Amino acid sequence: MAMKMICYGVSGNAFVDYFQMGETTTRRCVSFLTKGLVSCRPLANQYLRRPTKSDARNIVAMHERVHKIPGMMGSLDVTKVHWKRCPTAWKGQFQGREKVASIGLEAVTTFWHAAVEFPGTLNDINIWERSSLYESMIDGRHEELDFEFLVDGEVFDKLIYLVDGIYPPLTRFLSSESDPHTKLAFSFAQDQESHRKDAERGFGVLKLKFLSLMHPINLHHKDDIYYLVLASILMHNMM
């Protein structure tokens, strides 16, 4: 029953007649299932873990094979999930320009990095400044994944991410040309923007697999939504 609610996004009221269970009980079932999946150490260590250097080489090789971009670890982007049961006192913090309360999810393509629990009023750069990926770049942990690769015969040793123009101009970020004037700059902007769509496609696939993330989430507690999103990513990575 909890899996049906997660995958099909149906309300708990749909099971009142068949399972003889109230809506509160069905929400508890979803919370127990998602928290159990995320808290299960063997599953979390396998499907929610930070990549190793060997994993990073495989990820870079995959993106180079698909996008022809050496050293690419993925596209970084943010999506929002609608929180239907957000308390009225919190709506000023969680209700952004979408005019509905929401929670932000920052992720990299293939979902090896995912950070949840950001209020919906924050934009991409505000979320980035609170991201665990940003912290790993600051404290040097991200350098454990780096290795040398060639671009037009020149050696580079910092893995890169495709981002949009709102992100800061870091050496690890490859953003598009905001105002291309030459044919080469225009071609680069087109290629970067088309390859960066991987992140949006990834969010779309995740939400289509688990329709509860596409529909307004009918859970009362923010922690329950945190576990719901992470459990969905865990099951997505298992498939």
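Trainee: How many of the 11 residues of S1 are buried?

Mentor: This is a predicted model, and the answer is computed from it. A residue counts as buried when its relative accessible area is under 20%. By that cut-off S1 is mostly covered, and the number of its buried residues is nine.

Trainee: In what order do the five strands of the open sheet stand?

Mentor: The edge strands, which pair on one side only, are strand S3 (114-119) and strand S7 (173-174). The pairing in this open sheet is mixed. Read across, the order is S3-S2-S1-S6-S7.

Trainee: Which residue in S6 stands opposite glycine 74?

Mentor: S1 and S6 run parallel and are joined by three bridges. Strand S6 (residues 160-162) also pairs with S7, in the parallel sense, over two bridges. One residue of S6 has phenylalanine 173 in S7 as its bridge partner. That residue, which also stands opposite glycine 74, is tyrosine 161.

Trainee: How many bridges join S1 to S2?

Mentor: The two strands run antiparallel. One example of a bridge partner is glutamate 106 in S2, which is matched with valine 78. The number of bridges between S1 and S2 is seven.

Trainee: Which residue in the turn of the hairpin of S2 and S3 has a positive phi of about 75 degrees?

Mentor: S2 and S3 run antiparallel and are joined by four bridges, and alanine 107 stands opposite alanine 114 in S3. The hairpin has five residues between its strands. The residue in that turn with the stated phi is threonine 110.

Trainee: Is phenylalanine 111 buried or exposed?

Mentor: Phenylalanine 111 is found in the loop between S2 and S3. Its phi is near 60 degrees, a positive value in a residue other than glycine, whereas most residues other than glycine have a negative phi. Because its relative accessibility is 6%, phenylalanine 111 counts as buried.

Trainee: What is the relative accessible area of glutamate 117?

Mentor: Glutamate 117 belongs to strand S3. Although it is not a glycine, glutamate 117 has a positive phi of about 75 degrees. It is classed as partly exposed, with a relative accessible area of 30%.

Trainee: Which strands does H9 touch as it packs on the sheet?

Mentor: The direction of H9 makes about 50 degrees with that of S1. Another helix, H10, lies across S1, S2 and S3 and runs at about 155 degrees to S3. The strands touched by H9 are S1, S2, S6 and S7.

Trainee: Which element supplies the largest share of the largest nonpolar core?

Mentor: This core has 32 residues, and those with the most contacts inside it are Leu213 and Ile225. Helix H1 (2-8), helix H3 (23-39), strand S2 (102-108), helix H9 (183-209) and helix H10 (222-238) each supply at least two of its residues. The largest share is nine residues, and the element that supplies them is H10.

Trainee: Which residues is leucine 213 in contact with, leaving aside its neighbours within four places in sequence?

Mentor: Leucine 213 is one of the residues with the most contacts inside the largest nonpolar core. Once those sequence neighbours are set aside, its contacts are Val81, Leu206, Lys207, Leu228, Val229 and Ser232.

Trainee: How many residues apart in sequence are the parts tied together by the pair of tryptophan 83 and phenylalanine 94?

Mentor: The two rings are edge-to-face, at 5.4 Å centre to centre and with 85 degrees between the planes. Tryptophan 83 and phenylalanine 94 are both buried. Tryptophan 83 lies in the loop between strand S1 (72-82) and helix H6 (91-94), and phenylalanine 94 lies in helix H6, so the pair ties together parts whose separation in sequence is 11 residues.

Trainee: Over the face of which residue does arginine 57 lie?

Mentor: A charge of this kind sits over a ring only if it is within 6 Å of the ring centre and within 35 degrees of the ring normal. Arginine 57 is placed at 4.4 Å from the ring centre, and the residue beneath it is phenylalanine 147.

Trainee: What distance separates the C-alpha atoms of aspartate 152 and serine 39?

Mentor: Aspartate 152 lies in the loop between strand S4 (149-151) and strand S5 (154-156). Its relative accessibility is 83%, so aspartate 152 counts as exposed. Aspartate 152 and serine 39 are 113 residues apart along the chain, and their C-alpha atoms are separated by 45 Å.

Key:
Residues numbered from 1 in each chain as written. Predicted model: local features only at pLDDT ≥ 70, side-chain atom pairs only at ≥ 80, totals over all residues. Heavy atoms only, no water. Phe/Tyr/Trp six-rings, centres within 6.5 Å; stacked < 30°, edge-to-face > 60°. Buried < 20%, exposed > 50% of the residue type's maximum accessible area, 1.4 Å probe, protein only. Core = buried A, V, L, I, M, F, W, Y, C linked by side-chain atoms within 4.5 Å. Contact = heavy atoms within 4.5 Å. Pairing = 2+ DSSP bridges. Axes fitted to C-alpha atoms, helices over the stretch in contact; angles between N-to-C directions.
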